[in-house]
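The following paragraphs lead the reader through one protein chain, from its overall make-up to individual residues. Please keep the sequence and the structure in view while reading.

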Amino acid sequence: MGVGLALTAPALIALIWSYLLPTVTTLRRSFSAGPRVRDLGRGGDLGLGESVGLDNYRALYEAGFVESVTFVVLLAVVPLLLAVLIAPLLAVLADRAGRVARLATRGVLALPLAGHAPAAVYLGWRLHRVDGGAQSRGAVIMMVAVTSFGLVVAVAATAYLAALRNRSSGRSPLPALLTVGGLLALGVIAVALQSYTVGALTPVQGRGAPLVGVFQSSFGQLRFGVGAAGSVLLLAVLGVLGLVAVGLLLATRARIEVEGRRPTAPTGGDPLATGLVVVALVVFVAVVGWALAPWLRHGFEGVPEARGGVSLATVLANTWLPTLIGATVSVGLAAVAGFGIGALRPLGRWSELLLLPFAPWLFVGTGPLAIEGFFRARELGQVNTFLGLIPPGWVSIPALVAFTLLFRGQQARGQHSGGTAVRTLVLPALPMLVLIGLLTWLIQAQQLLWPSIVSGDPENFTAPLAAQFRANRFGPRADGAGLGSVLPVLILLLFLVAFVVLQTRYLDRLAFRVGRDDAVAPVGPTGVPTPRGPVAGGPAQAGLAVPGASRRDQHRDIQES
C-alpha cells in the first residue's frame with residue numbers, strides 16, 4: 001500500500017501545482033479587477049486588485065459568451081458524428097475483413113495522427129482556399145469538419161478496434177463499444193470547447209470560440225478579470241465532463257489488456273467486409289489528402305526569415321525541445337502513478353478511486369489556465385525565454401488514466417499466467433509509454449496558444465507562431481507563410497513510421513474490456529495478488545497455462561474457445 005501511494009504522490013503534487021492552485025487563483029481573479037496596466041509594464045505588483053463582485057461575469061455575458069459557446073457546440077457536431085457513427089462502422093468492417101485488412105486499416109489510420117499540424121492546415125486553407133477576410137460561421141464549421149475528419153476517425157477507430165478484441169475471447173463487444181463511444185463523445189465536446197487555433201488563424205463573423213474571447217479580453221484588452229470569468233465557466237463544464245468520464249470508467253470496471261496476436265482464420269475474412277474496407281480506405285485517404293493539400297503543397301519549404309533574421313534552426317529548437325521536456329516529465333509522472341495505482345493496487349479493489357482527484361482536469365488543456373500560467377511565468381522571469389516555452393502542465397492526466405487501466409488489466413493477467421513482473425507489467429507498458437509520449441510531444445509542439453502568450457520576441461517564436469506572424473503580416477503574399485517548418489517533412493516521416501509500427505505491432509494487440517473480470521486477483525494483506533480460484537470455462541478459455549499440456553495444445557484450445 002505504501003509503495004503504491006508513494007509512486008502516486010509526485011503526480012498528485014504536480015496536480016496541485018499545475019491544475020488545482022491555478023484553478024483556485026483563476027476563480028478568485030474572476031471576482032477582481034485584476035492588475036493595472038502600468039504594473040504590467042513596469043514589473044509591479046500583479047495582485048488580484050479590488051473586488052468587483054459579479055461585474056466580470058456580467059460583462060462576459062454582455063460580450064456574447066453564450067453565443068460563442070453555441071458556436072463551438074456547432075463545431076463539435078460533425079466530429080461527434082464521425083466519432084460515434086463513421087469510426088465504429090470502419091472498425092467493425094476492418095475487424096470482420098481479417099488480419100491483413102485490419103492491419104492495412106491501422107497503417108492508414110497512422111497518416112492523420114502523424115500529420116497533426118492544425119496551425120499549418122488552417123493557415124493553408126486561409127491563404128489558398130478563402131479570401132483572407134472574416135468567414136461565415138458555416139464556412140468555418142465546414143472547414144473544421146473536413147480538416148478534423150482524419151484525426152477524429154483515426155483516434156476513434158483505433159479505440160473501437162481495441163473494444164472489438166472482446167469477440168476473440170468469446171465476450172460480447174457491445175458494452176466495451178458503448179463505453180468507448182461515451183468517452184469519445186465527452187472528449188470531442190471537451191476539445192471543441194477549448195478550440196483556439198482555428199479561431200486565431202481564421203477570423204469568423206460574429207463571436208468566435210470562447211477561448212479566443214478569453215485570450216482577447218486578457219491579453220488584448222488587459223481585462224484579466226473578464227478573461228478569468230470565461231476561464232472559470234469553461235473549467236466548470238470541463239470538470240463535469242472529466243468527472244463523468246472517470247465515473248464511467250469506474251462504473252464499468254474498464255481495463256486494458258495486452259494480448260497475443262490473433263490467428264488468421266483458415267477461411268480468411270469476410271469478402272464483403274474486405275471490399276467495403278478497401279472502398280472506405282480510398283475515401284478516407286482522399287478526404288484526408290484534400291484537407292491537408294493546402295499545407296502539403298508547401299511541405300518542402302523552410303521558414304522565411306522573420307523579423308530580425310531568425311534562423312530555421314532557432315525556430316525548430318523553440319518548437320521541439322521545450323515540448324520534448326514537457327512531454328517527458330508529464331508522461332513519465334503519469335506512468336509512475338499509473339503503475340502505483342493499477343499494478344500495486346494500494347487500496348485493493350478500490351484503487352481506481354485514486355483517479356477521482358485528477359478527474360476534474362482530465363480534459364483541461366492549457367487554455368483555461370493560461371492566464372495564471374502567464375502570471376506565474378512572469379513572476380519566475382520566464383517570459384520570452386526557452387524555459388517559458390515548456391507547457392505548464394507537469395502531469396498528463398489522460399496518460400495517467402490510460403496507464404492505470406493498462407496496469408490494472410496486466411496485473412491480473414500476469415498473476416494468473418505466472419509471469420514475472422517485468423514480463424507482464426513493464427515490457428507491455430513500454431510501447432504505450434513511447435506512443436503516449438510521442439503523441440503528447442507532437443500535440444504540444446503544434447499548439448499555438450501558449451507560445452502566443454509567453455513569446456513576444458521573434459527569437460523565441462515557435463514554428464506555428466512564426467507562420468502566424470508571417471501570414472498576418474504579408475497575407476496571401478506570404479509565400480506559404482513558412483508552413484513547411486511547422487511540421488517538417490523529415491519529422492513527419494519519423495512520426496509516421498513510429499505510428500505505423502505501433503499501430504500494427506502493438507495497438508493491434510490491445511483489448512479494451514469492461515465488466516467483471518473473473519481473472520482479477522484480490523490483493524492480500526501483504527499487497528501481493530492472490531489467486532481467486534477457477535475461471536468459468538476452464539483454464540484453457542482463460543488463456544492460462546495447463547500443466548502437462550504442450551504449447552501447441554494450449555494454443556489450439558484457446559483458438560477453439
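Helices, of at least four residues, and strands, of at least two, are taken here as DSSP runs and numbered from the N terminus. On that basis the chain contains 21 helices and two strands. The model is a predicted one.

The chain has 561 residues, and 53% of them count as buried. About 24,000 Å² of the chain is exposed, with carbon and sulfur atoms supplying 66% of that area. When contacts between residues at least 6 apart in sequence are considered, 82% of them join residues at least 24 apart.

Helix H13 may serve as a starting point among the individual elements. It covers residues 312-343, which is 32 residues. From the first C-alpha of H13 to the last, the helix reaches 45 Å, close to the 46 Å expected at 1.5 Å a residue. H13 nevertheless bends by about 25 degrees at Asn318, and a proline, Pro322, follows within four residues. After H13 comes Arg345, with a positive phi near 50 degrees.

Positive phi values also occur elsewhere in the chain. Most residues other than glycine have a negative phi. Leu222, in contrast, has a positive phi, near 60 degrees. This residue is found in the loop between helix H10 (210-220) and H11, and Leu222 is partly exposed, with a relative accessible area of 30%. For Asn384, phi is likewise positive and near 60 degrees. Asn384 belongs to the loop between helix H14 (370-379) and helix H15 (397-417); at 36% relative accessibility, it counts as partly exposed.

The next topic is the packing of two helices. Such a pair is described by the angle between the axes and the distance between the axes. Helix H3 (residues 55-62) and helix H11 (residues 224-252) have axes that come within 8 Å and cross at roughly 80 degrees. H3 is therefore roughly perpendicular to H11. On the H3 side, the contact is made by Asn56, Tyr57, Ala59 and Leu60. H11 contributes Gly225, Val226, Ala229, Gly230, Val232 and Leu233.

Leu233 of helix H11 can be followed further. With neighbours up to four places away in sequence left out, Leu233 touches Tyr57, Leu60 and Phe65. Leu233 and Phe65 are 168 residues apart in sequence, yet their C-alpha atoms are 9.8 Å apart in space. Leu233 counts as partly exposed, at 34% relative accessibility.

Two further helices each hold a buried residue to examine. Where does Thr179 lie in the chain? Thr179 is placed in helix H8 (residues 174-193). Its relative accessible area is 4%, and Thr179 is therefore buried, since burial means a value under 20%. Apart from neighbours within four places in sequence, Thr179 is in contact with Leu248, Thr252, Phe512 and Val514.

Arg106 is located in helix H5 (residues 99-114). Is this arginine, Arg106, buried or exposed? With a relative accessible area of 1%, Arg106 is buried. Which residues does Arg106 touch, not counting those up to four places away in sequence? They are Thr158, Leu161, Ala162, Gln503, Thr504, Leu507 and Asp508.

Methods. Residues are numbered from 1 along each chain as its sequence is written. This is a predicted model: local features need pLDDT of at least 70, side-chain atom pairs count only at pLDDT 80 or more; totals for chains, interfaces and linings use all residues. Side-chain values use heavy atoms; hydrogens and water are left out. The expected span of a helix is 1.5 Å times one less than its number of residues. The bend at a residue is the angle between axes fitted to the seven residues ending there and the seven starting there. Buried means under 20% relative accessible area, exposed over 50%, partly exposed in between (1.4 Å probe, protein chains only). Contact means heavy atoms within 4.5 Å. Accessible areas come from the Shrake-Rupley method with a 1.4 Å probe; for residues, only the protein chains shown count as cover. Axes are lines fitted to C-alpha atoms, for helices over the stretch in contact, and angles run from 0 to 180 degrees between N-to-C directions. Angles under 35 degrees count as roughly parallel, over 145 as roughly antiparallel, 65 to 115 as roughly perpendicular and the rest as oblique.
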